[in-house]
Each structure stands twice: as structure tokens, then as C-alpha cells.
Amino acid sequence: MKTTIATIALCFGLSYANAQQLKEADVPTPVKDALKKQYPTAKVEKWEKEGSNFEAEFHVNKIETCAVYDSNGKFIESEIEIKESELPKGVADYISKNLSGKKVKESAKITDSAGKVSFEAEIDNIDYIFDSNGSLIKKEEEKEKDGDKD
């Protein structure tokens, strides 16, 4: 459990601290092949390098989706945009108790390679990460990324 939480935290920490936008030509072939196999209809809108991993941003059925792979094409995790109402009740309870009056800018469901689910709620440029029951795991200040449309 602690290892999984640490891995998720590391992925998010790397994504915000070291994200670099890439051209598709700079993405290793095994990564592009793995993405095509997992998401055959995906048209990548943006590639980023996060530490040693690669993140593809695209839409599936008009829903913003991201998938992260290592340089060999091994799937790390996916992040799918969801409605705030789809967050676990514990998340809403945490927000109303600890962040009263604040609004959720974005929310997402995160699934790692083992199928473990967690949730993210972005509030005031801070990503709050919760487990599948809605208990807070960590919070990470988001650094604005180049080219973000949000």
C-alpha cells in the first residue's frame, strides 16, 4: 500500500516538476506502439516527458485522457477527466470541511498499471490526491505548464 501511494506521489511529483513538452518524433517507438495498442483510435494532442516517463494527452469519446508509459512502453497509469459529482463522497466531505468556499477546477480518475484507482481534485492550482474511498493521500502544488489551455 505504501509503495503504491509512493509511486503515485512520485508520478505526480515528476509530472509537475519535470514535465517537458515533446514533439512526437522525440517519443520512443515502443511508447507510441504501446499507446496505439491500448488506445487504437487516440490522436495525441500533446506529448510530455515526465522524468524518465512519457505522457500522452488525448481525447476518448470527447473525454480528456492522459496515459503515462516508461521509455520501454510499459504502461504506468492513466488519468481520465471526470465530473466533480463523480468523485467519492469522502472527497466532497474533505473539500467542504477543509476548503470551504473553494471550487474544484478539474477532477480526474487515475488508474495505475495494477488497476488501483485514485482521484484528483484541482483547487487553486493544488492537486489533491485521494484514494478510492476519498481519503486524502497527498497534495501537490501545480506549476503552470507551457502550452496549457486551461
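## A walk through the fold, starting at β5

Let's begin with a strand that is mostly covered: β5, where six of the eight residues are buried. Keep in mind as you look around that this is a predicted model.

**The whole chain**

Before going further into β5, it helps to step back. The protein chain has three helices and nine strands. Read from the N terminus, the order of elements is α-β-α-β-β-β-β-α-β-β-β-β. The chain has 150 residues, and 44% of them count as buried. What about contacts across the sequence? If you take contacts between residues at least 6 apart in sequence, 45% of them join residues at least 24 apart. The protein chain exposes about 8800 Å², and carbon and sulfur atoms supply 47% of that area.

**β5 and its partners**

Now back to β5. With β4 it pairs in the antiparallel sense, over five bridges. You can pick out one of the pairings yourself: Ala67 has Ser78 in β5 as its bridge partner. The hairpin of β4 and β5 has five residues between the strands, and in it Gly73 takes a positive phi near 90°.

β5 also joins strand β6 (residues 106-112), running antiparallel to it, through six bridges. Here, Ile82 stands opposite Ser107 in β6.

**Glu84, just past the strand**

Follow the chain onward and you reach Glu84, in the loop between β5 (75-82) and α3 (89-98). Is Glu84 buried, exposed or something in between? Its relative accessible area is 44%, so Glu84 counts as partly exposed. Leaving aside neighbours within four places in sequence, Glu84 touches Val104 and Ser107. That Ser107 is the residue we just met opposite Ile82. Ala108 is 24 residues from Glu84 in sequence, yet their C-alpha atoms are 8.3 Å apart in space.

**Helix α3 and its two faces**

Next comes α3. Which residues of α3 are buried? They are Gly90, Val91, Tyr94 and Ile95. These four sit on the same side of α3 because they cover an arc of only 135° around the axis. There is a handy rule behind this: an α-helix has 3.6 residues a turn, so residues three or four places apart point the same way.

Turn the helix around and the picture changes. The face of α3 turned away from the buried side carries the exposed residues Lys89, Ser96 and Lys97. And what covers the buried residues of α3? The cover includes β7 (117-123), β8 (126-131) and β9 (136-141).

**Tyrosines meeting across the chain**

One of those buried α3 residues, Tyr94, deserves another look. A search of the whole structure turns up four aromatic pairs. In the pair of Tyr94 and Tyr128, the ring centres are 6.1 Å apart and the planes are at 50°, so the pair is tilted. This pair links distant parts of the chain, with Tyr94 in helix α3 and Tyr128 in strand β8, 34 residues apart. Both tyrosines are buried. Add Phe130 and you have one aromatic cluster of Tyr94, Tyr128 and Phe130.

**Loops worth a visit**

Three more loop residues round off the tour. First up is Glu45, in the loop between α2 (29-38) and β2 (46-50). The side chain of Glu45 makes a polar contact with the side chain of His59, at 2.5 Å. Glu45 and Ala56 are eleven residues apart in sequence, and their C-alpha atoms are 7.5 Å apart in space.

Then there are two residues to check for their backbone angles. Lys62 lies in the loop between β3 (53-60) and β4 (63-69). Its phi is near 65°, a positive value in a residue other than glycine. Asp124 is in the loop between β7 and β8. Here phi is near 50°, again positive in a residue other than glycine.

How exposed are these three loop residues? The table puts them side by side.

| Residue | Relative accessible area | State |
|---|---|---|
| Glu45 | 42% | partly exposed |
| Lys62 | 81% | exposed |
| Asp124 | 49% | partly exposed |

The cut-off matters for Asp124: exposed means over 50%, so a residue at 49% counts as partly exposed. Lys62, at 81%, is exposed.

Conventions
Residues are numbered from 1 along each chain as its sequence is written. This is a predicted model: local features need pLDDT of at least 70, side-chain atom pairs count only at pLDDT 80 or more; totals for chains, interfaces and linings use all residues. Side-chain values use heavy atoms; hydrogens and water are left out. Buried means under 20% relative accessible area, exposed over 50%, partly exposed in between (1.4 Å probe, protein chains only). Contact means heavy atoms within 4.5 Å. The arc is that of the directions from the helix axis to the C-beta atoms. Rings of Phe, Tyr and Trp (its six-membered ring) pair if their centres lie within 6.5 Å; planes under 30 degrees apart count as stacked, over 60 as edge-to-face and the rest as tilted. A polar contact is a pair of N or O atoms within 3.5 Å; within protein, one must be able to donate a hydrogen and the other to accept it, and residues adjacent in sequence count only if both atoms are side-chain atoms. Two strands pair if DSSP finds at least two bridges between them. Accessible areas come from the Shrake-Rupley method with a 1.4 Å probe; for residues, only the protein chains shown count as cover.
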